[in-house]
Amino acid sequence: MAAIRPGRLPGRHRRPAERQATYGEVIAIREFRALWIGQALSLLGDQLSRVALSVLVFQRTESPLATASVYALTYLPPIIGGPLLAGLADRYARRRIMIFCDLLRAALVALMAIPGTSFTVLCALVFCVVLLSAPFSAARAALLPELLKGDRYVAGSALQNMTNQGAQMLGFALGGALIMGMGPYRALALDAFTFLASALILVSGVRRRPAPLATDTDRPSMWTMTRAGSRLVFGDPRLRTLVLFAWLCGFYVLPEGIATPYADVLAADRQQVSLVAGLLMGSMPTGTVVGAFLFSRYVNPSKRLRAMGWMAMLTCAPLILCALEPPLAVVLVLWFVSGIGGAYQLAANAAFVQCVPAERRGLAFGLVQSGLLASQGVGILIGGAAADVLNPAHVVAMAGAAGLSVAAALAVLWAGSCKEIIEKVRAEATV
């Protein structure tokens, strides 16, 4: 038998294993289950309403520009409302904010479902409905860390991410067929019902909590809160790096915005363009679902944070190969792999939660979400303009190269500032 050296006793100085949360234990939490089901229900209704609005506006105006303008309204309100309205989730009880937003959105969508509503009124209603998503999303994002501690937060975020991607794919796939059968107005009425159902689920499934800023004397003005939130998010080098990681999506979402002109290049027959475009648009979300599952299920918490920079680079690097103008099957694989890399957002989100005080999470998440939508919208607009004069494959490759450069720089910054967060996450994951 080998002798045991002094100071080398078995198990001594060995770090305790990090515990990874399972999806089953997260779903078993009643309040999270209510948030999860309500969000999935609302998302399905939203995808249905987007298709319905496109059909309704085109039927009335026969104008592609008018149809695209209404769709563009889904980007603009959160960019404006995020910085201004997200702070409501820190001033008032978050459960109350979500229920109020759901009820108000149900009423507004019900007005959209009235036959004969003018185009101007319809645009105004769409703007208001999407505007209310800013305080709702901020309240939900800020409440989630209170329900899920440690690695359960990452598992819950991954589950919501996969559900969101699945709801988008299912909603778009079934939307056209449902609208053919029920018409756009009934589809909008169904969307109003999903908001009502979400509100009822929140009422019955989420318990009441006090506002983060409990007294009136603790509640500064919205403008003061917005400035304070901006200083918090952008004044801390760690938070600033994490926010830029989140906004990196502007580069790797760009290909989805030019999927149709790219499909026109790839399709052997012009009648197959819509089918090819659908395959292209679905490949990245599918990769994201797979990546989120693998990253959250098989990689421990601290390793996720260490791998974040590499995963971010993975989202952009495969897109560069589109410059070689490969066939459709290869492009689908490249976009799928890019989607897998997008799972780094789970680690970035978990690290962001660790760095933001609980009473400021609503506003912080709102600011990040606004920038996220802005980066996506700007990226898609730039990509569309470039694809008018260049081969779409080359535009995708340039977006990948630019994104890879930014991701590499962020990875270097993150490597120098992540140690404290990793130690904190490891401590939570070993209790």
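How are helices H14 and H20 oriented to each other? The legends below, which refer to a predicted model, begin with this pair.

**Figure 1. Close-up of the packing of helix H14 against helix H20**. Helix H14 spans residues 259-266 and helix H20 spans residues 392-415. Their axes come within 9 Å and cross at roughly 130°. The two helices are therefore oblique to each other. On the H14 side, the contact is formed by Pro261, Tyr262 and Val265, and on the H20 side by Pro392, Ala393 and Val396. Classified by residue type, this contact comprises 6 nonpolar residues, with no polar and no charged ones.

**Figure 2. Close-up of the contact between helices H7 and H8**. Helix H7 covers residues 119-131, and helix H8 covers residues 133-147. The two axes approach within 5 Å, with a crossing angle of roughly 15°. Because angles under 35 degrees count as roughly parallel, H7 is assigned as roughly parallel to H8. Val129, Val130 and Leu131 of H7 meet Ser133, Ala134 and Pro135 of H8. The contact of H7 with H8 contains 5 nonpolar residues and 1 polar residue, and no charged residues.

**Figure 3. Close-up of Phe136 in helix H8**. Phe136 has a relative accessible area of 5% and is buried. Beyond its neighbours within four places in sequence, Phe136 contacts Gln39, Met98, Cys101, Asp102, Arg105 and Leu202. The C-alpha atom of Phe136 is separated by 7.8 Å from that of Ala89, a residue 47 positions apart along the chain.

**Figure 4. Close-up of the largest nonpolar core, with Phe352 as one of its members**. This core holds 111 residues, of which Met112, Trp335, Phe352 and Trp414 touch the most other members. Helix H9 (residues 151-205) supplies the largest share of the core, with 11 residues. With neighbours within four places in sequence set aside, the contacts of Phe352 are Val233, Leu239, Leu242, Val243, Ala364, Phe365 and Val368.

**Figure 5. Close-up of Gly205 in helix H9**. With a relative accessible area of 7%, Gly205 is buried. Residues up to four places away in sequence being excluded, Gly205 touches Arg30, Glu31 and Ala34. Gly205 and Ala34 are 171 residues apart along the chain, and their C-alpha atoms are separated by 5.2 Å.

**Figure 6. Close-up of Met284 in helix H15**. Met284 is buried, its relative accessible area being 3%. Residues up to four places away in sequence are not counted in its contacts, which are Tyr252, Pro255, Glu256, Leu319, Trp335, Ser338 and Gly339. Trp335 is also among the residues that touch the most other members of the largest nonpolar core. From Met284 to Gly341, the C-alpha to C-alpha distance is 9.7 Å, for a sequence separation of 57 residues.

**Figure 7. Close-up of the loops on either side of helix H16, with Asn300 and Glu325**. Asn300 is located in the loop between helix H15 (273-298) and H16. At 17% relative accessibility, Asn300 counts as buried. The C-alpha atoms of Asn300 and Asp151 are separated by 8.8 Å, although these residues are 149 apart along the chain. Glu325 belongs to the loop between helix H16 (301-320) and H17. Glu325 has a phi near 55°, which is positive in a residue other than glycine. The relative accessibility of Glu325 is 46%, and this residue counts as partly exposed.

**Figure 8. Overview of the predicted protein and its confidence**. The protein contains 21 helices and 0 strands. It has 431 residues, of which 51% count as buried. Among contacts between residues at least 6 apart in sequence, 85% join residues at least 24 apart. The mean pLDDT is 78, and 79% of the residues reach 70 or more. Confidence is highest in helix H17 (residues 328-341), at a mean of 93, and lowest in helix H3 (residues 64-72), at 59. Over residues 1-12, pLDDT stays under 50, and for this stretch the model has 2 contacts beyond four places in sequence.

Note on methods. Residues are numbered from 1 along each chain as its sequence is written. This is a predicted model: local features need pLDDT of at least 70, side-chain atom pairs count only at pLDDT 80 or more; totals for chains, interfaces and linings use all residues. Side-chain values use heavy atoms; hydrogens and water are left out. A nonpolar core is a set of buried Ala, Val, Leu, Ile, Met, Phe, Trp, Tyr and Cys residues joined through side-chain atoms within 4.5 Å. Buried means under 20% relative accessible area, exposed over 50%, partly exposed in between (1.4 Å probe, protein chains only). Helices (H or I, at least four residues) and strands (E, at least two) are DSSP runs, numbered from the N terminus. Contact means heavy atoms within 4.5 Å. Axes are lines fitted to C-alpha atoms, for helices over the stretch in contact, and angles run from 0 to 180 degrees between N-to-C directions. Angles under 35 degrees count as roughly parallel, over 145 as roughly antiparallel, 65 to 115 as roughly perpendicular and the rest as oblique. Ala, Val, Leu, Ile, Met, Phe, Trp, Tyr, Cys and Pro count as nonpolar, Asp, Glu, Lys and Arg as charged, and the others, Gly among them, as polar. pLDDT is the predictor's confidence in each residue, from 0 to 100.
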